[in-house]
Amino acid sequence: MEALLDILLAGSFWAAAVRIASPLIFATMGELICERAGVLNLGIEGIMVAGAFAGWMAVYSGLGLWPGVAVALGVGMAFGLIHGVLTVPFGLSQHVVGLGVTLLATAATYYTYRLALPEVTAPPRIAPLAPLPIPILSDLPLIGPALFAQTPLTYLAFGCVLAVSLILYRTPLGLAVRAAGENPGAVEAQGLSVTAIRIGAVMAGSGLMAVGGAFLTMSAFDSFFFEMVNGRGWICIALVVFGAWKPGKALLGALLFAGFDALQIRLQQTPLGADLPYQLFLALPYVLSILALVAMSRRAQVPAALMVPFNRGER
Amino acid sequence: MAMTGPAMRLERIIAPSWSRRLGLPALALVATVAIAAWLAWLAGAAPLTVLGLIVDGAAGSKFALLETLNRATPLIFTGLAVAVAFRARLWNIGAEAQLYAGAVVTVLLGTGAIVLPAPLLLPLIVGAAMLAGAALLLGPALLKTRLGVDEVVTTLLLNFIFLLFVSYLLEGPMKDPMGMGWPKSERLVDAARLPRIAEGLRLHWGFGLALICAAIVWVIQARTTLGYEIRAVGLNARAARFAGVPVNAVILKTAFLSGGLAALAGFSEVAGLKGALTLDLSPGFGYTGIVVAMLALLHPLAVVVSAIFVAGIFVGADSMSRAADVPTYIADLLLAVALLLMVLAIKMTGFRLVRG
């Protein structure tokens, strides 16, 4: 108990939680945009892998850090275009295409990695984004290290939640996106194209997923490993459900989840943790995600047209 | 942003011509081969040489062909597992975990815990392994039917959880004390090993069992009420319910069948090929099973052909990458391309994209 209190009172714990949450926040917002427009994007896992690699590789090849983030964004949008075109105008199964895009993005990444770096045994490192402490605020206890001494990409993640909420709920564009996911027929009746809106949403969302991946190689770590995304994409899909398809609640979910993840890492190092198998701690995030899905199942407000292909002139 | 965009819609083709029905999938295959050539060229190798090396490595000799069939065996099982489930629109992405569940049970019962002659022991292990795999999918299936929890995410997350559990077993209770510290189980007793199909032939009875399973699944789908009900649920669950099909019961039965089939992949790999369980038993056979099933259009007999084709690409690419300087990941990349192009081609046999 005392060990637990020690963990919770350390600023490093809260800082770690926010750091772990950052890639999840980007990718969860990305998935949320896709699903609000009516398209399930199971390409998320692979797109995060591609984003992680693309951003890192761009910096390793001599580009600056922010151009690197832009490269990741662009690569994510390209895979989003593939997913969008196949699922929206062609109306293919969103499940099958999504898994196909994950396979495609992952395999393309590994292939390119091997082509670009054939000889290396240990992947090279880059100089990642440095923390940017905000004067005065970063000196606050607990909150300071957690919220005001992170890398700029973390601040961007929070900004991204704000932007997504504002756009979704306060602009005509957001209304069109939400309507495409609830009642696509009404959108067409307004003279707008459901196809264009959905493809656009999937591309924007996929770009954010890739930036989430890039956070791993350019902010959390400084190198690219295979398996480094390790199911984070699937967890983000669970987080969207947990957040009831609302940006604010999804952010809360990501923070909560990351808090548990940071906690399990620290609990492993306590005397209790030494007695229990470490795999139990590692499994905790996945178990929590399933529990969250179960807990939310009754109250979930799924976008009405999620996974329903829209074809003009068809009822 | 242009929210108006081009006005396109799909129009159903009432009676697609044979040239359309055969031509489009053929075009998808040709495009995949062309992309393979391009990828080889990107790697700085001669495209035709690389393609030739892949074919040669997959089927160029008796040894290569047997290697391909061995690799195809688990893929037939996982491909069938996915085909059965997807047909009922039960999105089982958890074949990887179910495979390991079968493997764990095979080791539990086959390392001396039960002393029986092979003709009794093997069926017992098969039954228990199938039950374990089925049990693992039953959870997500129940969550889907009872609470409406999406099974894609739950089965995916269970893969990670179960693999960590296997890692715990192999470092703890199931670790071979003679394993020199490697996380590896004890070896199976002889009576628990699947024999080879013929003396001196490097192919075990797991392959035979896979063919038998494909035939059984085909019979279930084509000739039984359950098969009919599975199709009905997959095509339109609401209409099926209205017509008196017990939709939830059908989904649970499907889950049972699907999980059981995936578990047999684990059984066959341990009892037929490896003889013990390690954490690298499956290089993603569960996930590749999805590609196998989709390329086979979810038809159980076509799964066999598709699994051999997919296995050939993997085995061929492995052997090619040893000879030419092209990464072996070209195999995964080609399968992803083949999958996406094939699903598109199949859809477009029945529809055309028109303006308006």
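In the predicted model, D222(A) and R125(A) form a salt bridge in which the closest N and O atoms are 3.1 Å apart. D222(A) is located in the loop between helix 10 (194-220) and helix 11 (232-242) of chain A, and R125(A) in the loop between helix 5 (94-116) and helix 6 (143-147) of that chain, so the contact ties together parts that are 97 residues apart in sequence. R125(A) is exposed, its relative accessible area being 62%, a value that lies over the 50% cut-off for that class.

The count of salt bridges over all chains comes to 5. Among them is a pair in chain B, D318(B) with R71(B), for which the closest N and O atoms are 3.1 Å apart. This pair links distant parts of the chain: D318(B) belongs to helix 12 (residues 300-323) of chain B and R71(B) to helix 3 (residues 62-87) of chain B, with the two positions 247 residues apart. D318(B) has a relative accessibility of 24% and therefore counts as partly exposed. Another salt bridge joins the side chains of E151(B) and K144(B), with an N to O distance of 3.1 Å. In this pair E151(B) is buried, at a relative accessible area of 3%, whereas K144(B) is partly exposed, at 21%. The value for K144(B) falls in the partly exposed class because the buried class ends at 20%.

On the surface of chain A, a nonpolar patch is formed by L137(A), L140(A), I143(A) and L147(A), which together have about 310 Å² of accessible area. One of these residues, L137(A), is placed in the loop between helix 5 and helix 6 of chain A, the loop that also holds R125(A). L137(A) is partly exposed, with a relative accessible area of 36%; this satisfies the patch criterion, which requires over 30%.

Backbone geometry was examined for residues other than glycine with positive phi. M307(A) has a phi near 70 degrees and is found in the segment after helix 14 (278-296) of chain A. The relative accessible area of M307(A) is 37%, which makes this residue partly exposed. In chain B, L298(B) has a positive phi of about 65 degrees although it is not a glycine. L298(B) lies in the loop between helix 11 (285-295) and helix 12 of chain B, and helix 12 is the helix that contains D318(B). At 14% relative accessibility, L298(B) counts as buried.

A contact between C-alpha atoms was also identified within chain A. V211(A) and G76(A) are 135 residues apart along the chain, and their C-alpha atoms are separated by 7.8 Å. V211(A) is part of helix 10 of chain A and is buried, with a relative accessible area of 4%.

Internal voids were then considered. The structure holds 3 cavities of 30 Å³ or more, and the largest has a volume of about 70 Å³. The lining of the largest cavity includes residues from chain A, namely V88(A), P89(A), T195(A), F310(A), N311(A) and R312(A), together with M8(B), R9(B) and L353(B) from chain B. By residue class, this lining divides into 5 nonpolar, 2 polar and 2 charged residues.

Key:
Residues are numbered from 1 along each chain as its sequence is written. Chains are lettered from A and ligands numbered from 1 in the order in which they are written. This is a predicted model: local features need pLDDT of at least 70, side-chain atom pairs count only at pLDDT 80 or more; totals for chains, interfaces and linings use all residues. Side-chain values use heavy atoms; hydrogens and water are left out. On a 1 Å grid over the protein atoms alone, a cavity is a set of points where a 1.4 Å probe fits but cannot get out, and a pocket is an open set with protein on both sides within 12 Å along at least five of seven lines; lining residues have an atom within 4 Å of a point. Grid points are joined across faces, edges and corners, and a volume is the space filled by probe spheres set on the points. Ala, Val, Leu, Ile, Met, Phe, Trp, Tyr, Cys and Pro count as nonpolar, Asp, Glu, Lys and Arg as charged, and the others, Gly among them, as polar. A salt bridge is a side-chain nitrogen of Lys or Arg within 4 Å of a carboxyl oxygen of Asp or Glu. Helices (H or I, at least four residues) and strands (E, at least two) are DSSP runs, numbered from the N terminus. Buried means under 20% relative accessible area, exposed over 50%, partly exposed in between (1.4 Å probe, protein chains only). Patches are made of residues with over 30% relative accessible area and no salt bridge: like charges are joined within 9 Å, nonpolar side chains (Val, Leu, Ile, Met, Phe, Trp, Tyr) within 5 Å. Accessible areas come from the Shrake-Rupley method with a 1.4 Å probe; for residues, only the protein chains shown count as cover.
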